[in-house]
Amino acid sequence: MKKIILFVFLSIVNISFINAQILKVYKGSATTPIFEVVDADSVVVGGDGWCIHPAPKDADIPADAIHVYEAVDICNQLESGVLTTDTYHVKGWVCAIDPKNVDDIQNYGNAVFYIADSYPLSAKKQPQFEAYQVYGKNGKRLVDPCQVALGDYVVIEGKICNYNGQAETQGRGSAFIYSSTNVNFDPADPEPTPAPDYVNVPQGTLIVYEAIALGTEIGAGNKTSEAHYVMGYVRKVEDRFDPQYGNYTFYIAANKEGMVTELFEAYRVLGKNGNKITNADAVKEGDFVILYGKIYNYNGTIETTSGSYIYYSNNPNF
């Protein structure tokens with residue numbers, strides 16, 4: 001008899017079973033929910049049947065993390081473009097990925113995607129929260145599009161806002177992915193590849209990992225007071241050779257081969273002794289280079305400052 005009554009009750013409130021797991025029924029609105037415990041795994045919210053799927057058991061979730069619907073409600077109470085004064089942890093499932101995501105990760109180290117309280121979405125009008133231009137763990141750049149995928153369970157950390165009706169994070173890397181169940185999200189840093197034997201590396205030269213740690217330590221918007229030598233292997237060359245000014249922009253990593261976990265940006269660097277670079281082939285992927293200049297933290301991107309140059313390169317066209 002009890003099973004029959006429960007079945008009738010669930011039918012009345014129009015609940016859809018998701019994997020036969022249901023935790024609480026929201027009879028009220030998202031802002032004033034009324035809970036009724038039904039089972040122990042998922043949450044069904046609202047009359048249209050959208051639900052909250054339980055987090056994976058191995059998910060790293062802070063105690064103060066809020067659901068997507070709660071984050072959306074907070075943002076809806078803000079004027080457009082206004083940020084919250086507090087930082088939030090917003091938890092949910094990656095339900096959609098912006099088409100720009102691949103380019104943004106490869107070019108800027110940040111991702112653009114959407115999260116919801118369930119995956120797949122359980123209703124057309126289900127609240128979604130945009131992780132807009134977010135960095136990876138501990139505010140480090142993401143390096144590979146495979147680090148964000150549909151079905152990941154993530155926690156986003158940062159200030160949130162209402163941007164023309166869209167609930168989202170503050171952009172330009174101000175927010176980051178606190179944790180993710182994606183197996184590629186937080187890979188171990190590979191062993192650095194040593195400099196070629198024939199290269200005379202100046203004493204005190206930093207490897208990429210050390211340069212990024214130093215740039216992170218000084219904080220966004222700051223640069224080191226002294227210039228540093230930074231060595232590594234060119235792993236990504238953008239079409240950013242500027243013959244007018246004789247500078248080049250490219251990225252180096254500590255390892256010559258394998259997956260890259262951290263990239264240091266050689267931003268508009270000049271050639272030997274600060275002279276102009278005249279050959280577009282002077283920088284190629286796989287080159288071993290030593291950079292010289294001050295280190296700058298540009299909104300979380302660790303890079304060289306203006307006036308930096310390539311102290312050494314094994315590229316024959318350099």
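Q: In which loop is Y119 found?
A: This is a predicted model. At 31% relative accessibility, Y119 counts as partly exposed. Its place is the loop between β6 (111–116) and β7 (129–134).

Q: Which residues form a nonpolar patch on the surface with Y119?
A: The patch has about 240 Å² of accessible area together. Residues in such a patch need over 30% relative accessible area, and Y119 has 31%. The partners of Y119 in the patch are I97 and L150.

Q: Which residues of helix α4 are buried, and on what arc around the axis do they lie?
A: Helix α4 covers residues 208–218, and its buried residues are V208, Y209, A211, I212 and G215. An α-helix has 3.6 residues a turn, so residues three or four places apart point the same way. The buried residues are on the same side of α4, because they cover an arc of only 165°.

Q: What covers the buried residues of α4?
A: The cover includes strands β12 (206–207) and β13 (228–237). It also includes β14 (248–253), β15 (264–269), β17 (295–298) and β18 (301–304).

Q: Which residue just after α4 takes a positive phi?
A: Helix α4 spans residues 208–218. Just after α4 comes a phi of about 90°, and the residue is G219.

Q: How many disulfides does the count come to?
A: A disulfide needs two cysteine sulfur atoms within 2.5 Å. For C161, the nearest cysteine sulfur is that of C75, 6.4 Å away. C161 is buried, at 7% relative accessibility. The count of disulfides comes to zero.

Q: Which residue forms a salt bridge with K140?
A: K140 lies in the loop between β7 and β8 (153–158), and its partner in the loop between β14 and β15, so the pair ties together parts that are 122 residues apart in sequence. K140 is partly exposed at 37%, while the partner is buried at 7%. The closest N and O atoms are 3.3 Å apart, and the partner is E262.

Q: How many residues apart in sequence are the parts that E265 and R240 tie together?
A: The side chains of E265 and R240 meet in a salt bridge, 3.8 Å from N to O. E265 is buried at 5%, and R240 is partly exposed at 32%. E265 lies in strand β15 and R240 in the loop between β13 and β14, so the parts are 25 residues apart.

Q: How far apart are the closest N and O atoms of K284 and D281?
A: K284 is partly exposed, at 40%. D281 is partly exposed too, at 35%. The two form a salt bridge, and the distance is 3.1 Å.

Key. Residues numbered from 1 in each chain as written. Predicted model: local features only at pLDDT ≥ 70, side-chain atom pairs only at ≥ 80, totals over all residues. Heavy atoms only, no water. Buried < 20%, exposed > 50% of the residue type's maximum accessible area, 1.4 Å probe, protein only. Helix = DSSP H or I, 4+ residues; strand = E, 2+ residues; numbered from the N terminus. Arc of directions from axis to C-beta. Contact = heavy atoms within 4.5 Å. Patch = residues over 30% accessible without salt bridge, like charges linked within 9 Å, V, L, I, M, F, W, Y side chains within 5 Å. Areas by Shrake-Rupley, 256 points an atom, 1.4 Å probe, with all protein chains shown as cover. Salt bridge = Lys/Arg side-chain N within 4 Å of Asp/Glu carboxyl O.
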